[in-house]
Amino acid sequence: MISIAQYKRQWTHNIRGDLLSGLVVALALIPEAIAFSIIAGVDPKIGLYASFSIAVITAITGGRPGMISAATAATAVLMVTLVKDHGLQYLLAATVLAGLLQIGAGLLKLGYVMRFVSKSVMTGFVNALAILIFMAQLPELDPSRVPMLTYALVASGLLIIYLFPLLTKAVPSPLVTIVVLTAVVVLMGWDVRTVGDMGELPDTLPVFLIPDIPLTFETLQIIFPYSVAVAVVGLLESLMTQQIVDDLTDTSSNRNQECIGQGLANTATGFIGGMAGCAMIGQSIINVKSGGRGRLSSFVAGLFLLILVVALGDIVAIIPMAALVAIMIMVSIGTFSWSSIKNLRDHPKSSSIVMLATVFFVIYTHNLAIGVLVGVLLSGIFFAWKISQLFRVRSTITPDGEHRTYTIEGQLFFASSEDFMKAFDFREAPARVTIDLSRAHIWDISSVAALDMAVLKFRREGAEVELIGLNEASDTIVDKLAIHDKPGAMDELLGH
């Protein structure tokens, strides 16, 4: 837990930068929130209310200052079937339950699972999201839907984004891009797609409401699978985005607190008519690159979003989509790990395969959880294979041929158990056999079973077997699980 002084500093140490970056993020959140609402099959105001609520509440209760959370595509796609089959009220109830599950995950300190996500999986996750962010802009670049002028506006926006910082960094270049392109389009009277074309903006503040559903076990059966999926995907994306923001800002944050913060945000959002959400890597990077570092940036982004769409909706509606597309292309370019392409030749093949597999499955399924799961599983398999290759057995025998010593070196677990058994010559059957484990470590039940089998086979051939050198951890697991000294051990072992 951080101190009150630290928490206060997270709000006040970068007020100007947080205010400006929050405004930029708020503008960029509008079309995305509308688009994600459409994906989920609900009115645009559902995503806009959610983005306001989640951004504000995670700013107060989250564990990562400067990270932006709102309605996202990752959670929206999971709700499509629920909305189609049962309607909006069930989506709101599922959002509340997903939030409660996330709070439980935080209280159980499940944020530690991020330590099992390798650097290769993280790189794949980042690259996949960069590609998805770019792909999400393609409808706004479709020549059959937009005039040719759009391309000139997008190109101009990108020039402003990358060249304006050469003049001054006092004002975020994405904000300048929005102001300049909007002014030019309005003054010239050009007919291009605007934010207003994305859908009707809300004109009232959200109100507290309880989802209108029957409180029955049948209802729970309907919403529970969706809530679990949303909770898991939401936490995965939030915790991985949190790690990226940690790296970008060279600071650390509290993962378990972020789980609780995300849960509180989703729970509250379900009660004001909003859909579930999580951290957004694209918006978080916009925030950081625009100078946002503290909790105030996320709070201001949510508050500005609500003010913009409710009080200044007519002004927001005239912002050309080309300006926002340019900003998101900049985010896509900045998010992608370009060095990972060069590293494909230099890094171990296993790391490259994990990275590419993560990218492929995230893009193919549009499901972060599946892509990350594949990456983590491949990382585990490659790690187990690599460690198993470090295993070896050496043996020596006394001149009289009566006593052979096997020296085991490396990690003895399920992947190396077969090599362990192949290293012994059971037909030789000297009078005494010593298995020296002083340079080895026994990890699991498979390795204990292999050790049991080796001892019992030597004894069956008439040899006296001695185990020496077990370290404390190995001795504990062998003492607990081994059966070679129990009556009928061979029959029991072969029986299983």
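# A predicted protein chain and its two cores

A compact globule of 496 residues would have a radius of gyration near 23 Å, but this protein chain has 29 Å. The model is predicted. Along the principal axes, the C-alpha atoms fill a box of roughly 100 × 55 × 50 Å.

## The chain as a whole

The protein chain has 21 helices and six strands. Of its 496 residues, 53% count as buried. Contacts often link distant parts of the sequence. Take the contacts with a separation of 6 or more: residues 24 or more positions apart account for 83% of them.

Now the surface. The accessible surface of the protein chain comes to about 23,100 Å². Carbon and sulfur atoms hold 64% of that area. As for charge, the chain has 32 positive and 38 negative side chains. The centres of these two sets lie 8 Å apart.

## Two nonpolar cores

Which residues touch the most other members of the largest nonpolar core? They are Ile30, Met240 and Met275, in a core of 103 residues. Methionine 240 shows what such contacts look like. Leaving out residues up to four places away in sequence, methionine 240 touches Met114, Val117, Val121, Met122, Phe125, Leu368 and Val372. There is also a second, separate core of 25 residues. Among its members are Phe391, Ile408, Val433 and Ile477.

## Three buried residues in helices

Three residues show how helices meet other parts of the chain. The table gives each residue with a partner from elsewhere in the sequence.

| Residue | Partner | Apart in sequence | C-alpha to C-alpha |
|---|---|---|---|
| Leucine 78 | Valine 230 | 152 residues | 6.7 Å |
| Leucine 306 | Phenylalanine 52 | 254 residues | 6.0 Å |
| Isoleucine 477 | Valine 448 | 29 residues | 7.8 Å |

Start with leucine 78. This residue lies in helix H4, which covers residues 73-86. Is leucine 78 buried or exposed? Its relative accessibility is 17%, so leucine 78 counts as buried; the cut-off for buried is under 20%. Beyond residues up to four places away in sequence, leucine 78 touches Tyr226, Ala229, Val230, Val233 and Asn367. Valine 230, its partner in the table, is thus one of the residues that leucine 78 touches.

Leucine 306 comes next. Its helix is H12, residues 295-310. Leucine 306 is buried because its relative accessible area is 10%. Not counting residues up to four places away in sequence, leucine 306 touches Tyr49, Phe52, Leu205, Pro206 and Ala311. The table pairs leucine 306 with phenylalanine 52, 254 residues apart along the chain.

Isoleucine 477 sits in helix H20, residues 472-481. This residue is included in the second core. At 19% relative accessibility, isoleucine 477 counts as buried. Which residues are in contact with isoleucine 477, leaving aside its neighbours within four places in sequence? They are Ile442, Trp443, Asp444, Val448 and Ala482.

## Two exposed loop residues

Now turn to the loops. Lysine 109 lies in the loop between helix H5 (88-107) and helix H6 (119-137). Lysine 109 has a positive phi of about 60 degrees, although it is not a glycine. Its relative accessibility is 53%, so lysine 109 counts as exposed. The cut-off for exposed is over 50%.

Aspartate 250 also has a positive phi, of about 55 degrees, and is not a glycine. Where is aspartate 250 placed? Its place is in the loop between helix H9 (217-249) and helix H10 (255-270). Aspartate 250 counts as exposed because its relative accessibility is 71%.

## In brief

This predicted chain has 21 helices and six strands. The largest nonpolar core has 103 residues, and a separate core has 25. Leucine 78, leucine 306 and isoleucine 477 are buried. Lysine 109 and aspartate 250 are exposed.

Methods:
Residues are numbered from 1 along each chain as its sequence is written. This is a predicted model: local features need pLDDT of at least 70, side-chain atom pairs count only at pLDDT 80 or more; totals for chains, interfaces and linings use all residues. Side-chain values use heavy atoms; hydrogens and water are left out. Helices (H or I, at least four residues) and strands (E, at least two) are DSSP runs, numbered from the N terminus. The radius of gyration is taken over C-alpha atoms; the globule rule is 2.2 Å times the number of residues to the power 0.38. Buried means under 20% relative accessible area, exposed over 50%, partly exposed in between (1.4 Å probe, protein chains only). Contact means heavy atoms within 4.5 Å. Accessible areas come from the Shrake-Rupley method with a 1.4 Å probe; for residues, only the protein chains shown count as cover. Lys and Arg count as positive and Asp and Glu as negative; His and the chain ends are not counted. The place of a charge is taken as NZ of Lys, CZ of Arg, CG of Asp or CD of Glu. A nonpolar core is a set of buried Ala, Val, Leu, Ile, Met, Phe, Trp, Tyr and Cys residues joined through side-chain atoms within 4.5 Å.
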